[in-house]
Amino acid sequence: MDPRTTEKLAFCFLRACIWIVVAFVAILILYIVIQGYSIMSWEFLTEMPRNRMTEGGIYPALMGTAYLVGISMAVAIPLGVLSAIYLNEYAKESRSTWIIEMAINNLAGTPSVVFGLFGLALFVKYLAFKPSIISASLTLSLLILPVVIRASKEALITVPQEHREASLALGVTKWKTISSIVLPEALPGIVTGIILSIGRVAGETAPIMFTGAAFFLPRLPESVFSQFMALPYHLFILATSGLNPMETRPIQYGTALVLLILVLLINSIAIIIRKHYRKKLHR
Amino acid sequence: MSEINNFADIEVEDLNLWYGSNQALQDINIKIPSKSVTALIGPSGCGKSTFLRCINRMNDLIKVCHIEGRVKIDNKNIYDEDVDVVELRKKVGMVFQKPNPFPMSVFDNIAYGPKIHKVPKKDIKGIVDKTLQDSALYGEVSDRLDSSALDLSGGQQQRLCIARTMAVEPEIILFDEPCSALDPISTNKIEDLILELKKDYTIVIVTHNMQQAARISDYTAFFLMGKIIEFGETNQIFENPKEKRTEDYITGRFG
């Protein structure tokens, strides 16, 4: 075939691929927006579910998901970032660090339902946290820990070795070099990893089913040791276990829409933070 | 090896260095005189950069590196157990081959060292101005201290790195092929700067450029395969080398 024809065909094929992807995303979002839009109101966000969850709002589920995101991030971010710093900046290359890295990589590929079962065994039963916000949050933080560690480590690797050397050669300690040169430079990449994990924490259903998400609670959780409702699980229950799933269709799509907006909102905050730091680095 | 009788800042005795099982430096003995420029020349892989990095212990960063012997600065062996490497590196600054400013403003690049070494805030502006003047950069960047150091030209970046090194007030400055990534005009400016700096600092410079060594150094050491073949006043090394191998290298017969 004429190379120019091949070139054209290849280009068209690549463009078709990206259009298929864009089309799917657009249809998905549009469909949820159209289906969920009608029920959207301030009351939907701030009221308790009523009448066997066929009426009313999703307030407790929204708050439950907010708690989950907040607590699991508060645990996973420091733990993950500090582990990545240790692995990349301090640990010498040896058999044991190789094993640790392999373990982290495998953990990243473990199905979330396995994490749910593990959370049930460790936090709910062994540590006797009961099915609760804290059990579920800790389980979710374990789930995203490998993602945070890997993203942070990748970000640390991209910081040029010359910058570390320049700082050390000025008589700056290793820790000071890391905290004032390496970490700020790696921050945009680390934030990207965090963005990815926020979406997972907000959306995961399997791990929280085992560790504390309630079918229905007519009130907000009293403490981190209370059971809770969460958006993805609420959605799952409405769609599968109600007496008449058709009856609650609008609420289901409304819940999905809120979940989507919540994740996009948190992500855009993270993107703004990332932009701010990029600018500070004069990139 | 000719004796140099000036007061020596850096005295190296029986220095041997291995990377794993590969010996990179062999029985190095040299006295580097104070407040002068000493050039280290030799073909690639001869150990001159490795030697330079022994003087501020940058080789500590390399895990497989093993060192024996003594490097004395002000009569103190810097490889003694009780030496604080951080303090040593404050005293022995280093300018690298590739300009490596931090991704910060010009001002913050220079202020970084003093800030970390707890210089009072009110003094920092003065230090930045002074080091910029001393590094002959002030005229070019005084109106954009707040803009990114990465926007400067390569030569300006390298002078900024020199200013950054001076800001922590070292006694010795090590230059590791500081001009190899620069154009001739920038190289010229750096060379002028080094000649200016030797009034206040002891300077050791690794260079691939023989003319550069001849132009700016007072003393020259010729390295070959991990050994110092000859060390003496630069004029003598270039005009009247005692060793055949030095002459061969300088006249371009190998290397």
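Student: Why is strand β8 (residues 202-206) of chain B said to be largely enclosed by the rest of the structure?

Tutor: Five of the five residues of β8(B) are buried, so the strand is largely enclosed by the rest of the structure; buried means under 20% relative accessible area, exposed over 50% and partly exposed in between, with a 1.4 Å probe and protein chains only. Helices (H or I, at least four residues) and strands (E, at least two) are DSSP runs, numbered from the N terminus. This is a predicted model in which local features need pLDDT of at least 70 and side-chain atom pairs count only at pLDDT 80 or more, while totals for chains, interfaces and linings use all residues. Residues are numbered from 1 along each chain as its sequence is written, chains are lettered from A and ligands numbered from 1 in the order in which they are written, and side-chain values use heavy atoms, with hydrogens and water left out.

Student: What makes both faces of β8(B) count as covered?

Tutor: Thr202(B), Val204(B) and Val206(B) on one side are buried, and so are Ile203(B) and Ile205(B) on the other.

Student: How do you know that β7 (residues 172-176) of chain B pairs with β8(B)?

Tutor: Two strands pair if DSSP finds at least two bridges between them, and five bridges join β7(B) to β8(B), which run parallel. In β8(B), the bridge partner of Asp176(B) is Val206(B). The chain crosses from β7(B) through helix α7 (residues 184-197) of chain B to β8(B), and this β-α-β crossover is right-handed, a term used if, with the strands pointing away from the viewer, the path from the first strand over the helix to the second runs clockwise. β3(B) is also joined to β8(B), by four bridges in a parallel arrangement, with Leu40(B) opposite Val206(B).

Student: Why is Cys46(B) called buried or exposed?

Tutor: Cys46(B) has a relative accessible area of 2%, so this residue is buried. Cys46(B) is placed in the loop between β3 (37-41) and α1 (48-55) of chain B. Leaving aside residues up to four places away in sequence, Cys46(B) touches Ala24(B), Ile41(B), Phe223(B), Leu224(B), Met225(B) and Gly226(B), where contact means heavy atoms within 4.5 Å.

Student: What makes Gln156(B), in helix α6 (residues 154-166) of chain B, count as buried?

Tutor: The relative accessibility of Gln156(B) is 10%, and therefore Gln156(B) counts as buried. Its side chain makes a polar contact with the side chain of Glu140(B) at 2.8 Å; such a contact is a pair of N or O atoms within 3.5 Å, and within protein one must be able to donate a hydrogen and the other to accept it, with residues adjacent in sequence counting only if both atoms are side-chain atoms.
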